[in-house]
Amino acid sequence: MELESKTNFKLGKIVEVHWVDACARGGWDDPEFYEDLSPVQVRTAGYQLKRNKECITIASTESIDNSINQAISIPIAWCKKIKVIRK
């Protein structure tokens, strides 16, 4: 299979987001099982699709026909740092 050499990708800005995510466990257990349950610090990187006062939305993959895959919208209130990797 030969790949096209076109580079018509439209997404350009790449960001790394450091944020805090909710953590959950399920099932019937003693309350002590949940005592150490707390939010988890994570980071996500990808192409920035939008950013406003409520959220930042990024996608991990873009195809040459401008379809995207694996997008996530993270509430700004959960973000600790947003670093621009490429403008």
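## Exercises on a predicted model

Arginine 43 is exposed, with 59% of relative accessible area. Keep that residue in mind as you work through this predicted model.

**Exercise 1. Find the partner of arginine 43 and place both residues in the fold.**

Step 1: Look for a carboxyl oxygen within 4 Å of a side-chain nitrogen, the cut-off for a salt bridge. The side chain of glutamate 16 satisfies this, with an N to O distance of 3.3 Å to arginine 43.

Step 2: Place the two ends. Glutamate 16 belongs to strand 1 and arginine 43 to strand 2, so the pair, 27 residues apart, links distant parts of the chain.

Step 3: Compare their surroundings. Glutamate 16 has a relative accessibility of 15%, and it counts as buried because the limit is under 20%. Arginine 43, at 59%, is exposed because its value is over 50%.

**Exercise 2. How many salt bridges does a search of the whole structure find, and which residue pairs with aspartate 36?**

Step 1: The search of the whole structure gives two salt bridges. One of them joins glutamate 16 and arginine 43.

Step 2: Aspartate 36 pairs with arginine 25, and their closest N and O atoms are 3.0 Å apart. Both residues sit in the loop between strand 1 and strand 2, 11 residues apart.

Step 3: Check the accessibility of each. Aspartate 36 is exposed at 54%, whereas arginine 25 is partly exposed at 37%.

**Exercise 3. Which residues form the negative surface patch, and where is aspartate 29?**

Step 1: The patch consists of Asp29, Asp30, Glu32 and Glu35.

Step 2: Aspartate 29 is placed in the loop that runs between strand 1 (14-21) and strand 2 (40-51).

Step 3: Aspartate 29 has a relative accessibility of 40% and is partly exposed. This value qualifies for a patch because the cut-off is over 30%.

**Exercise 4. Two residues other than glycine have a positive phi; work out where asparagine 66 and glutamine 70 lie.**

Step 1: Recall the background. Most residues other than glycine have a negative phi.

Step 2: Take asparagine 66. Its phi is near 70°, and the residue lies in the loop between strand 3 and strand 4. Asparagine 66 is partly exposed at 31% relative accessibility.

Step 3: Take glutamine 70. Here phi is about 60°, but glutamine 70 is found in strand 4. With a relative accessible area of 59%, glutamine 70 is exposed.

**Exercise 5. Is glycine 46 buried or exposed, and what separates its C-alpha atom from that of isoleucine 58?**

Step 1: Glycine 46 is part of strand 2 and counts as buried, with a relative accessibility of 7%.

Step 2: The C-alpha atoms of glycine 46 and isoleucine 58 are 5.5 Å apart, with the two positions 12 residues apart along the chain.

Step 3: Try another pair in the same way. Isoleucine 64, in the loop between strand 3 and strand 4 (68-75), has its C-alpha atom 6.1 Å from that of asparagine 8, although the two are 56 residues apart along the chain. Isoleucine 64 is partly exposed at 34%.

**Exercise 6. Which element has the lowest mean pLDDT, and which the highest?**

Step 1: Start with the chain as a whole. Its mean pLDDT is 91, and 92% of its residues reach 70 or more.

Step 2: Turn to the elements. Strand 3 (residues 55-62) has the lowest mean, at 95, and strand 1 the highest, at 98.

Terms used. Residues are numbered from 1 along each chain as its sequence is written. This is a predicted model: local features need pLDDT of at least 70, side-chain atom pairs count only at pLDDT 80 or more; totals for chains, interfaces and linings use all residues. Side-chain values use heavy atoms; hydrogens and water are left out. Patches are made of residues with over 30% relative accessible area and no salt bridge: like charges are joined within 9 Å, nonpolar side chains (Val, Leu, Ile, Met, Phe, Trp, Tyr) within 5 Å. Accessible areas come from the Shrake-Rupley method with a 1.4 Å probe; for residues, only the protein chains shown count as cover. Lys and Arg count as positive and Asp and Glu as negative; His and the chain ends are not counted. The place of a charge is taken as NZ of Lys, CZ of Arg, CG of Asp or CD of Glu. Helices (H or I, at least four residues) and strands (E, at least two) are DSSP runs, numbered from the N terminus. Buried means under 20% relative accessible area, exposed over 50%, partly exposed in between (1.4 Å probe, protein chains only). pLDDT is the predictor's confidence in each residue, from 0 to 100.
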